[in-house]
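Welcome! Here are some exercises to work through at your own pace, each with a solution in steps. Please look over the sequence and the model before you begin.

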Amino acid sequence: MELLKTCSRCKVEKSINDFSMSSSRKDGRQVYCKQCVSDRNALNREKRLTRAKEYYVANKEEIARKARELYVANRQICLERAKKYRDSNKERVNQNSRNYYLQNKDKFVRYKENNREKIRLRLKSYRENNIKLLLKLEEIYRINNRESIAEKARRYYHANKHKCNKRLNDYRRSNPEKFTHLNAKRRASKLKATPPWLTKEDFTLIEELFMCARLFRLYTGEEYHVDHIVPLQGKNVCGLHVPWNLQVISAKENLIKSNKFDIESKIWNFQP
Ligand SMILES: [Zn+2]
């Protein structure tokens, strides 16, 4: 049989389950039914909020001090709880921080202007500490935004042609091995520069020169190239891909030489 109880507010007889627990009551239940309690709470909500706010304003420092103490004593638990909240309320947290930013934009702009160096250092150390994650994220971004990135780069290049070309040339000079597409271009022109009348012995000689470069690399640990004495793609004169126009030189020498000539036509870093 279901136990019944009459609410002393609305005077309606209801099931005992419609009353919340109360350990101080004889029958273990509150005198007002759940519905009445909820109605009264809704009615008093405004009043309670105002009262809480007044209390907060009057005791601001005390409350902050207590919260700080509590935080310091339970830092790990607080952080975990905050993370859990953030993870399960992503949308809400994002919206809130967006709103906060929009409402306090001036403050953010001012801070940014006054702390440029500090922010730069902080970003730098963050990047260094999270480099793996960031590179992964950047890769994902690049894959997902290939076209817009290319479009942006195109626009930037057209607006800064001179600067871009200079930077590219500098980079090419210091990293010749990275420009394999140029190597391929040179390979093609090498074929054209290889006379049909070369003998089998000539080809063997060429191969031996490349072998020399490989051995030099092996024994010295330094980079050696097979170089065309007269460049294949020179501005005024075009050399031939023949044994007597080839020499083995170190990358250092080649670089010095390259600065005098046109680099693109100079470096042989692959096999014949
Ligand atoms: Zn009631």
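**Exercise 1. Decide whether Ile16 is buried or exposed, and place it in the chain.**

Step 1. Count neighbours: Ile16 has 12 other C-beta atoms within 10 Å, so it is exposed. The cut-offs are these: a residue is buried if 20 or more other C-beta atoms lie within 10 Å of its own, exposed if 12 or fewer, and partly exposed in between, with C-beta atoms placed from the backbone.

Step 2. Locate the residue: Ile16 sits in the loop between strand 2 (13-15) and helix 1 (34-58). Helices (H or I, at least four residues) and strands (E, at least two) are DSSP runs, numbered from the N terminus.

Step 3. List its contacts: leaving out residues up to four places away in sequence, Ile16 touches Leu3, Leu4, Lys5 and Arg29. Two residues are in contact if their C-beta atoms, placed from the backbone, lie within 7 Å.

Step 4. Compare sequence with space: Ile16 and Glu61 are 45 residues apart in sequence and 45 Å apart in space, C-alpha to C-alpha.

A note on the source: residues are numbered from 1 along each chain as its sequence is written. This is a predicted model, in which local features need pLDDT of at least 70, side-chain atom pairs count only at pLDDT 80 or more, and totals for chains, interfaces and linings use all residues.

**Exercise 2. Describe the overall build of the protein and the confidence of the model.**

Step 1. Take the elements: the protein has 12 helices and four strands.

Step 2. Take the extent: along the principal axes, the C-alpha atoms fill a box of roughly 115 × 55 × 40 Å. The radius of gyration is 39 Å, whereas a compact globule of 272 residues would have one near 19 Å. This radius is taken over C-alpha atoms, and the globule rule is 2.2 Å times the number of residues to the power 0.38.

Step 3. Take burial: 8% of the 272 residues count as buried.

Step 4. Take confidence: the mean pLDDT (the predictor's confidence in each residue, from 0 to 100) is 84, and 90% of the residues reach 70 or more. Among the elements, strand 2 has the highest mean pLDDT (94) and helix 12 (residues 251-260) the lowest (68). Over residues 261-272, pLDDT stays under 50.

**Exercise 3. Find the residues of the largest nonpolar core and the elements that supply them.**

Step 1. Name the members: this core has seven residues, Ile206, Ala213, Tyr224, Val226, Leu246, Val248 and Ile249. A nonpolar core is a set of buried Ala, Val, Leu, Ile, Met, Phe, Trp, Tyr and Cys residues joined through C-beta atoms within 7 Å.

Step 2. Name the suppliers: helix 11 (200-220), strand 3 (224-228) and strand 4 (246-250) each give two or more residues to this core. Strand 4 provides the largest share, three residues.

Step 3. Look at one member: beyond four places in sequence, Val248 touches Leu209, Cys212, Ala213, Phe216, Tyr224 and Val226.

**Exercise 4. Work out how strand 3 is placed and paired.**

Step 1. Check burial: five of the five residues of strand 3 are buried, so this strand is largely enclosed by the rest of the structure.

Step 2. Sort the directions: Tyr224, Val226 and His228 point one way, while His225 and Asp227 point the other way. In a regular strand the side chains alternate between the two faces of the sheet.

Step 3. Find the partner: strands 3 and 4 pair in the antiparallel sense over five bridges, where pairing requires that DSSP finds at least two bridges between two strands. Tyr224 stands opposite Ser250 in strand 4.

**Exercise 5. Test the span of helix 8 and of helix 11.**

Step 1. Helix 8 (residues 146-159) has 14 residues, which should span 20 Å at 1.5 Å a residue; its end C-alpha atoms are 20 Å apart, which agrees. The expected span is 1.5 Å times one less than the number of residues.

Step 2. The number of buried residues in helix 8 is zero, so this helix lies largely in the open.

Step 3. Helix 11 has 21 residues and reaches 30 Å from its first C-alpha to its last, close to the 30 Å expected. Gly221 follows helix 11 and has a positive phi, near 75 degrees.
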